[in-house]
Amino acid sequence: MKYCLLAICCWVTAAQADPGQPGAGPLNVRFPGAVILDSMSCVLPFTRAGNLILVRAKADTTDGYFVIDTGTPNLVLNITYFRRYPTTNPTESGGITGAVTNATQTRVDSLTLGPIQYFHVDADMFGLGHIENNKGFKIFGLLGMKLFEGFEMIIDYDQNLIYLHRLNRKEAATYHSHLLDDTSAYQVIPIDIDEDKVIVHTVLKGKKLRFVIDSGAETSVLDSRLPNKVFESVEVTRRVHLDGTGSQKVDALYGNLRDMQLGDQTIASLPVLITNLQAMCDAYNNCIDGMLSFDFLSLHKIGFNFVTRKMYIWK
Amino acid sequence: MEVRRIGYLLGLSLLMVLSGRLRAQEFTIMNNRMYVTVPKHLSPEQLDSFEVRFDLSDLNLRSILQKGKFDRLRKMGWRIEKNTAGVLQISRQVLGLSDMTNPEKRIKLTEEHPTFAEMFPIENDNLKYGYNRFVRKRPFLVRDSMVTFYMRGHLNARQVMLAGSFTNWQFNALSMNRTDSGWIMVVKLGAGKYWYKFIIDGGWTTDPDNDLHEDDGRGNMNSVYFKPNYTFTLKRFRNAREVYLSGNFNNWLRHDIAMEPTATGWEVDLYLAAGTHTYKYIVDGTWYADPDNPNQLPDGERGFNSVVRIGKPRIFFLKGYGTAQAVFLAGSFNDWKREELSMKKTAEGWTIPYTLGPGNYSYRFFVDGKGIPDPANPYFVSGNGKSDSYLIVSPNFTFRLHGYGTAEKVYLAGDFNNWTPNSLSMKRIGDEWIFSVHLSVGKHLYKFIVDSQWMIDPGNQLWEDNEYGTNNSVIWIEH
């Protein structure tokens with residue numbers, strides 16, 4: 001999949017200070033609430049549905065809420081609203097837990113997120129009705145990791161704002177948001193980008209574990225197949241039944257993971273869902289040991305530089 | 001009484017610590033298998049609690065331990081690892097979801113998987129108190145959050161189910177266990193009001209031994225159960241003929257809540273909503289404050305009422321007024337009693353902790369008898385030519401007005417703030433104006449005021465006429 005990032009537009013007009021005014025300028029029509037800072041940066045308001053982060057985006061002529069989902073590689077469209085789109089041959093797809101599947105693919109001519117425009121974007125089509133029913137929001141799709149790979153992204157939960165900055169080649173090594181000026185306010189943790197997944201390395205009982213940082217995960221997840229020594233640090237609190245195939249139920253466990261090291265800090269207790277993540281290994285020849293959900297990492301702000309491969313966790 | 005509660009809390013904390021330790025041994029994971037270790041010395045009630053705590057009710061451990069037959073467990077995929085005089089240890093492989101082939105299923109995997117109690121929360125809006133009225137049987141046994149529902153008799157029935165507001169009725173009805181005198185089922189519940197019925201061999205029935213029942217508005221009668229959260233104990237007057245409990249929660253009714261005699265005095269279990277409650281005992285017609293409760297407030301008749309607080313207190317603070325002789329807090333939460341809540345003087349001003357439950361309240365400070373609104377609170381309600389400060393505790397509903405990005409000021413007004421027009425200033429977030437308030441169950445009327453222009457909610461199709469012919473938007477808050 002190739003994205004053509006053509007424009008991060010800048011219209012500095014009086015109307016931009018009041019983006020909700022109908023007809024004040026092209027920005028207003030497209031993105032109510034978005035504020036342009038400069039040619040490479042923008043600030044987008046977001047809404048939370050549970051722990052999911054919803055932003056307004058526009059796929060061709062259809063605009064509405066999309067979920068920011070770093071656990072998914074591609075743009076995903078909710079088939080309910082894009083059924084009329086021509087589809088290409090099914091191809092392999094899958095999020096981080098996805099076994100290989102035949103996803104229906106299509107393409108949108110333009111995807112607009114704040115002042116950022118992508119053109120000719122390949123997209124997977126899936127039904128997202130369960131998320132809509134569960135959250136009570138009309139959700140048009142998921143914005144996957146590939147859309148953000150050239151960006152610095154800072155999510156401010158206190159203000160409900162996402163700060164995005166497209167890093168060009170010249171500034172890639174030097175740029176940082178003004179929000180990062182106070183280095184005592186946050187911790188920097190190195191990340192990897194592996195097959196469009198954000199990977200962070202942690203240590204538990206001397207074992208190195210690879211976790212995916214997943215904005216679409218509402219709960220952190222731990223693989224039940226990890227070494228027994230890891231589970232010496234887990235206090236199981238209860239069993240839970242997950243919906244399996246058809247009416248079949250599959251057991252999983254809830255527990256608290258103690259004393260996991262993430263960067264320089266030790267997480268005293270991390271609530272986790274424990275299940276067998278074999279399906280992930282089947283989809284990628286590269287297993288991960290679990291997923292970390294965003295909300296646990298910081299109650300205030302969390303940020304990423306996907307170019308220099310850093311994660312910022314505010315205290 | 002406060003000492004007794006602290007002791008109870010300490011005991012509960014200790015129990016939780018101990019149970020945490022036990023859990024680590026009782027439920028573990030090794031080699032991709034979940035191991036459950038059941039101590040055989042547990043009483044039947046403790047076994048039920050064990051099952052509910054870990055969501056293992058489908059195992060029916062009590063029956064398995066009694067009969068020593070494991071065929072059913074094996075059919076369910078469990079392996080018997082250890083079966084000694086002391087413990088039964090079983091294990092089962094942890095299977096993953098094999099069909100998580102799309103991103104939605106990944107998100108579904110990680111979303112919250114609530115327990116019964118979390119899925120079907122207590123429905124106690126507008127409820128200040130409640131107590132049970134069982135006849136011919138004792139109240140359901142309560143241990144911590146575990147309630148043992150009991151159906152007397154019907155020993156010849158093939159199956160008895162328990163269905164209620166906490167099981168989404170029939171959808172997750174619970175199969176009860178037969179005992180030598182009836183049927184029981186242990187359910188984890190938070191304090192509050194619940195509705196339930198028994199299903200005896202397919203036939204639905206209310207609890208014949210429970211005098212509390214309510215029509216659900218659709219022609220169905222259901223039994224009512226209050227999970228209590230406070231025990232009133234009077235360790236005196238053993239020889240009294242009758243003792244009643246009376247308080248602000250039941251509008252000081254004299255003969256409403258009869259206390260039960262005990263070996264040492266009198267007692268009654270109550271569900272009390274979050275907030276501050278004042279009460280007295282009526283012993284053979286004479287009113288007494290609780291002699292064992294040091295927490296008291298003036299009763300306005302040169303005496304004192306005893307006080308129970310449910311929930312965390314919030315601090316009311318009035319800055320300055322260092323030369324004032326006395327400052328009181330009064331509001332809708334204490335029926336505007338001006339000399340009940342005496343504030344304490346500090347170096348910075350005047351302060352008082354006070355516990356409030358969810359709701360919207362109006363209040364004032366009374367400085368040497370003169371009422372003033374809270375200068376630190378931007379919200380107020382107007383009426384009768386004066387303004388009172390307005391406090392929203394635990395908002396449960398967010399009003400949203402889409403668009404109107406050019407508006408300078410947008411306010412919300414409705415029956416919940418006495419239609420005060422310029423108080424509840426809505427906040428612009430994204431392309432919406434929003435404001436959150438607490439709405440009680442039932443019907444509410446409201447409007448938005450956009451740059452001084454009253455308007456009904458364009459996003460709400462429900463509206464009705466008002467006396468000015470300008471219409472009001474309508475919203476219903478349901479259980």
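In the predicted model, strand β34 of chain B is joined by 6 bridges to strand β38 (residues 432-437) of the same chain, and the two run antiparallel. Within this pair, B:His402 lies opposite B:Glu432 of β38(B). The pairing belongs to an open sheet of 3 strands in chain B, arranged in the order β34-β38-β37 with antiparallel pairing. The edges of the sheet are formed by β34 (397-402) and β37 (427-429) of chain B, each of which pairs on one side only. On average, neighbouring strands of this sheet are turned by 35° against each other, direction ignored. Strands of a sheet pair through backbone hydrogen bonds, in either a parallel or an antiparallel arrangement.

Chain B also contains an open sheet of 3 strands in the order β25-β29-β28, for which the pairing is antiparallel. Here β25 (313-319) and β28 (344-345) of chain B occupy the edges; each has a single partner strand, so one side of each is left without a neighbour in the sheet. Strand β25(B) pairs with strand β29 (residues 349-355) of chain B in the antiparallel sense, over 7 bridges. In this pairing, B:Arg314 stands opposite B:Tyr354 of β29(B).

Further pairings in chain B involve strand β39 (residues 442-450), which is joined to strand β35 (residues 410-414) by 5 bridges, the two strands running antiparallel. The bridge partner of B:Gly414 in β39(B) is B:Tyr446. Strand β39(B) also pairs in the antiparallel sense with strand β42 (residues 472-477) of chain B, over 5 bridges, and B:Lys443 has B:Trp476 of β42(B) as its bridge partner. With strand β40 (residues 453-455) of chain B, β39(B) forms 3 bridges, again in the antiparallel sense; in this case B:Phe448 is partnered by B:Met455 of β40(B). The hairpin of β39(B) and β40(B) has 2 residues between the strands, and B:Asp451 in this hairpin takes a positive phi near 45°.

Two helices of chain B were examined for burial. In helix α5 (residues 103-110) of chain B, 7 of the 8 residues are buried, so the helix is largely enclosed by the rest of the structure. The buried residues of α5(B) include the charged residues B:Glu104, B:Lys105 and B:Arg106, together with B:Pro103, B:Ile107, B:Leu109 and B:Thr110. In helix α2 (residues 44-54) of chain B, burial extends to B:Leu47, B:Asp48, B:Ser49, B:Phe50, B:Val52, B:Arg53 and B:Phe54. The residue that follows α2(B) is B:Asp55, whose phi is positive, near 60°.

The largest nonpolar core comprises 96 residues, and A:Val55 and A:Val67 have the most contacts inside it. When neighbours within four places in sequence are left aside, A:Val55 is in contact with A:Leu44, A:Phe46, A:Phe66, A:Ile68, A:Leu113 and A:Ile162. Another core, lying apart from the largest one, has 48 residues, among them B:Trp195, B:Val243, B:Leu270 and B:Tyr271. In soluble globular proteins, nonpolar side chains tend to be buried together.

Chain A has 6 helices and 24 strands. Of its 315 residues, 43% count as buried. Among the contacts in chain A with a separation of 6 or more, 62% are accounted for by residues 24 or more positions apart. One residue of this chain, A:Asp295, is located in helix α6 (residues 294-297) of chain A. A:Asp295 counts as partly exposed because it has 19 C-beta neighbours inside 10 Å, whereas a residue is buried at 20 or more. Between A:Asp295 and A:Ser215 the C-alpha to C-alpha distance is 8.2 Å, although 80 residues separate them in sequence.

The average pLDDT of chain A is 80, and 80% of the residues score at least 70. Within this chain, confidence is lowest in helix α1 (residues 26-30), at a mean of 29, and highest in strand β11 (residues 139-143), at 95. Over residues 1-39 of chain A the pLDDT stays under 50, and the model has 81 contacts beyond four places in sequence for this stretch. In residues 93-100 of chain A the pLDDT is likewise below 50, with 41 contacts in the model beyond near neighbours in sequence. Where pLDDT is low, the predicted coordinates should not be read in detail.

Conventions: Residues are numbered from 1 along each chain as its sequence is written. Chains are lettered from A and ligands numbered from 1 in the order in which they are written. Two strands pair if DSSP finds at least two bridges between them. Helices (H or I, at least four residues) and strands (E, at least two) are DSSP runs, numbered from the N terminus. Axes are lines fitted to C-alpha atoms, for helices over the stretch in contact, and angles run from 0 to 180 degrees between N-to-C directions. A residue is buried if 20 or more other C-beta atoms lie within 10 Å of its own, exposed if 12 or fewer, and partly exposed in between; C-beta atoms are placed from the backbone. A nonpolar core is a set of buried Ala, Val, Leu, Ile, Met, Phe, Trp, Tyr and Cys residues joined through C-beta atoms within 7 Å. Two residues are in contact if their C-beta atoms, placed from the backbone, lie within 7 Å. pLDDT is the predictor's confidence in each residue, from 0 to 100.
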